[in-house]
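Biologist: Please take a close look at one part of this model, the place where the two chains meet. I would like one connected account of it.

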Protein chains: 2
Amino acid sequence: MLNLKNEKIPRATIGRLSLYVQQLEILEQQGEKVISSEKLAKICGVNPSQIRKDLAYFGEFGVRGVGYYIYELKQAIKKSLGLDRIWKVVLVGVGNLGRALLRHNVLIKRGFIVVGAFDCDPFKIGEEIAGLEVMCSSNLPQKIKELDAEIGIITTPQERAQRAANYLIKGGIKGIVNFAPARITVPSHIVVEYVDFINHLFSTAFQISLNQAKGMYS
Amino acid sequence: MLNLKNEKIPRATIGRLSLYVQQLEILEQQGEKVISSEKLAKICGVNPSQIRKDLAYFGEFGVRGVGYYIYELKQAIKKSLGLDRIWKVVLVGVGNLGRALLRHNVLIKRGFIVVGAFDCDPFKIGEEIAGLEVMCSSNLPQKIKELDAEIGIITTPQERAQRAANYLIKGGIKGIVNFAPARITVPSHIVVEYVDFINHLFSTAFQISLNQAKGMYS
């Protein structure tokens, strides 16, 4: 159940909350119990006033003079973001990136279980990857319902992304995370997020170019 | 060479320019020569006035009543972002994600050549992946200079990200794209970008939860 002071959390805040959750989990694994907002800010690379402002959306977790209780803060953020439960995911497109995600333990660690893997290549259908048998993409609409999946990950080539999205939508998916370098068209009630890692390489190259123009490396 | 009207391009604009370049390349592959700002806006999922505003940073590419010449616009954006040349990249951490990136043709298609792959696992050193022989991470400082690499991609587990960054910095890297779920500390002249795909899954789950709370799926 969501428990928000304000449903209109800005996009950038959600990104930072996601970062806080991940860093709090790392601290927890290291045996830490309490952390000051200054220290959490430093680890996350944001300023302390920003952290206090972000957490204000979710109520009061800080204790003056002590800091934040790590477990409680993490649970509260997760609950507020709807992450205090398991999310079932199907993945479409079993290429290099799709395989890497299927084998990546970070998904399950963060509460996302891949319950089905799909591809339209007859040579891949039937193959077993990370305990899942690859199924034919055209079965998606039926399988999504059977598997009770809510989120679809698209890792197809760009030219097959829209078809994958169509299958997912037909199956009643609620949200799509698209790793393919293509925009997709979906009905307005479907949530879509784009993961564009080339963007980050472009941005890095651009910032280096600016630094070079300033003579920073000469 | 950079050729900018204004070096202070906002972060969000760089993200969209990266998207425009990718979509323009797709249009080019499809044999298109000219596109209106309305159509380009639709494909990219942004509004036309935003596109016109973004492109104003780079001079005048639009022709009234015709639209944009695709090749010229793409080249101009790439030149402005320092993407009109090849960038040499080294990758540290040859796990599932690292392997997927090494085999992913999108890097080379976008002008990023991986010239070296590194890992600290003796069982991986010497292995050949996508034509590259995996080298020992401790050789990074020397190899970066030999290979003339400017950008480092980190795909290690979170607990080894900082050590990978230290090796990269010692070798004189100019920018780092970090896929590991850990913040890293670097000198101020080093560019760092974080690729956090879990963030997008969190955001999707959160938006679905909000929609559910509004009864949108019942």
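Modeller: Buried area is the accessible area, taken with a 1.4 Å probe, that two parts lose on being put together, summed over both. In this predicted model, the area buried between chain A and chain B is about 6,400 Å². Carbon and sulfur atoms give 70% of that area. On the chain A side, the residues that lose the most area to chain B are A:Leu201, A:Phe202 and A:Phe206, and together they make up 12% of what that side buries.

Counted by residues, the contact takes 69 from chain A and 70 from chain B. As for polar links, 14 residue pairs are in polar contact between chain A and chain B, with both residues at pLDDT 80 or more. The count of salt bridges between the two chains is zero.

Several elements of chain A build its side of the contact. Those that each supply at least two residues include helix 1 (11-29), helix 2 (37-44), helix 5 (96-103) and helix 6 (105-109). Strand 9 (151-154), strand 10 (175-178) and strand 11 (191-194) do so as well, as does helix 9 (197-213). Helix 9 of chain A gives the most, with 16 residues. By residue class, the side of chain A that touches chain B divides into 38 nonpolar, 20 polar and 11 charged residues.

The arrangement of the copies comes next. Chain A superposes on chain B after a rotation of 180 degrees with 0.0 Å of shift along the axis, at an RMSD of 0.0 Å. That is the relation of a two-fold axis. In chain A, the C-alpha nearest this axis belongs to A:Ala100, 3.0 Å from it. Both copies use the same surface, as 100% of the contact residues of chain A recur in chain B.

Some context within chain A may help. The chain is divided into domain 1 (11-80) and domain 2 (87-198), and the centres of these domains, taken over C-alpha atoms, are 31 Å apart. Although salt bridges between the chains number zero, the structure holds 20 over all chains. One of the pairs is A:Glu25 with A:Lys78, where the closest N and O atoms are 3.1 Å apart. This pair links distant parts of the chain: A:Glu25 lies in helix 1 and A:Lys78 in helix 4 (residues 70-80), 53 residues apart.

Notes: Residues are numbered from 1 along each chain as its sequence is written. Chains are lettered from A and ligands numbered from 1 in the order in which they are written. This is a predicted model: local features need pLDDT of at least 70, side-chain atom pairs count only at pLDDT 80 or more; totals for chains, interfaces and linings use all residues. Side-chain values use heavy atoms; hydrogens and water are left out. Contact means heavy atoms within 4.5 Å. A salt bridge is a side-chain nitrogen of Lys or Arg within 4 Å of a carboxyl oxygen of Asp or Glu. A polar contact is a pair of N or O atoms within 3.5 Å; within protein, one must be able to donate a hydrogen and the other to accept it, and residues adjacent in sequence count only if both atoms are side-chain atoms. Helices (H or I, at least four residues) and strands (E, at least two) are DSSP runs, numbered from the N terminus. Ala, Val, Leu, Ile, Met, Phe, Trp, Tyr, Cys and Pro count as nonpolar, Asp, Glu, Lys and Arg as charged, and the others, Gly among them, as polar. Copies are superposed by least squares on the C-alpha atoms of residues with pLDDT of at least 70 in both. Domain bounds come from an automatic or database domain assignment.
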